[in-house]
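Please look over the chain shown here before reading on. A reader new to it asks, and an author replies.

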Amino acid sequence: MIRRACRTCGTMQDFRKLNAKERAAVREERKDPRLYVDNLWRCTVPGCLWYQPYLHTDGGGVLPERFKGEAAPAG
Ligand SMILES: [Zn+2]
């Protein structure tokens, strides 16, 4: 877990790395199957869909709605 300022929550939150399903969804959303997604982390607040690269909020975005209920557990 890392601690980052979440753009959606507007506060500092715990982030965890995207899991395989989430990484696939980001590639799908960006229509770029080779997009580098291994450095993406998401906010673990229930209902929050914000994700971003490790170091900065540039390149971040919002996961599809279907990931809303899957925030907390890693893996
Ligand atoms: Zn958040």
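The exchange below takes up the fold, the sheet, the core and one proline.

Reader: What should be known about the numbering and the model?
Author: Residues are numbered from 1 along each chain as its sequence is written. The model is predicted: local features need pLDDT of at least 70, side-chain atom pairs count only at pLDDT 80 or more, and totals for chains, interfaces and linings use all residues.

Reader: Which pattern does the chain follow along the sequence?
Author: Helices (H or I, at least four residues) and strands (E, at least two) are DSSP runs, numbered from the N terminus. The chain has 1 helix and 5 strands. Read along the sequence, the pattern is β-β-α-β-β-β.

Reader: What is the radius of gyration of the chain?
Author: The radius is taken over C-alpha atoms, and the globule rule is 2.2 Å times the number of residues to the power 0.38. For 75 residues that rule gives 11 Å, and the chain is close to it, so it is as compact as a globular protein of that length. The radius of gyration of the chain is 11 Å.

Reader: Which strands stand at the edges of the sheet?
Author: Two strands pair if DSSP finds at least two bridges between them. The 5 strands form an open sheet, paired antiparallel, in the order β1-β2-β3-β4-β5. Two of them have a single partner strand each, so one side of each is left without a neighbour in the sheet; these are β1 (2-5) and β5 (61-62).

Reader: Which residue in β2 stands opposite Arg3?
Author: β1 and β2 (residues 12-17) pair in the antiparallel sense over 4 bridges. Opposite Arg3 stands Asp14.

Reader: Which elements give two or more residues to the largest nonpolar core?
Author: A nonpolar core is a set of buried Ala, Val, Leu, Ile, Met, Phe, Trp, Tyr and Cys residues joined through C-beta atoms within 7 Å. The largest has 8 residues: Cys6, Phe15, Leu18, Leu40, Cys43, Trp50, Tyr51 and Leu63. The elements that give two or more of them are β3 (40-43) and β4 (50-53).

Reader: Is Pro53 buried, exposed or partly exposed, and which is it by count?
Author: A residue is buried if 20 or more other C-beta atoms lie within 10 Å of its own, exposed if 12 or fewer, and partly exposed in between, with C-beta atoms placed from the backbone. Pro53, in strand β4, has 15 other C-beta atoms within 10 Å, so Pro53 is partly exposed.
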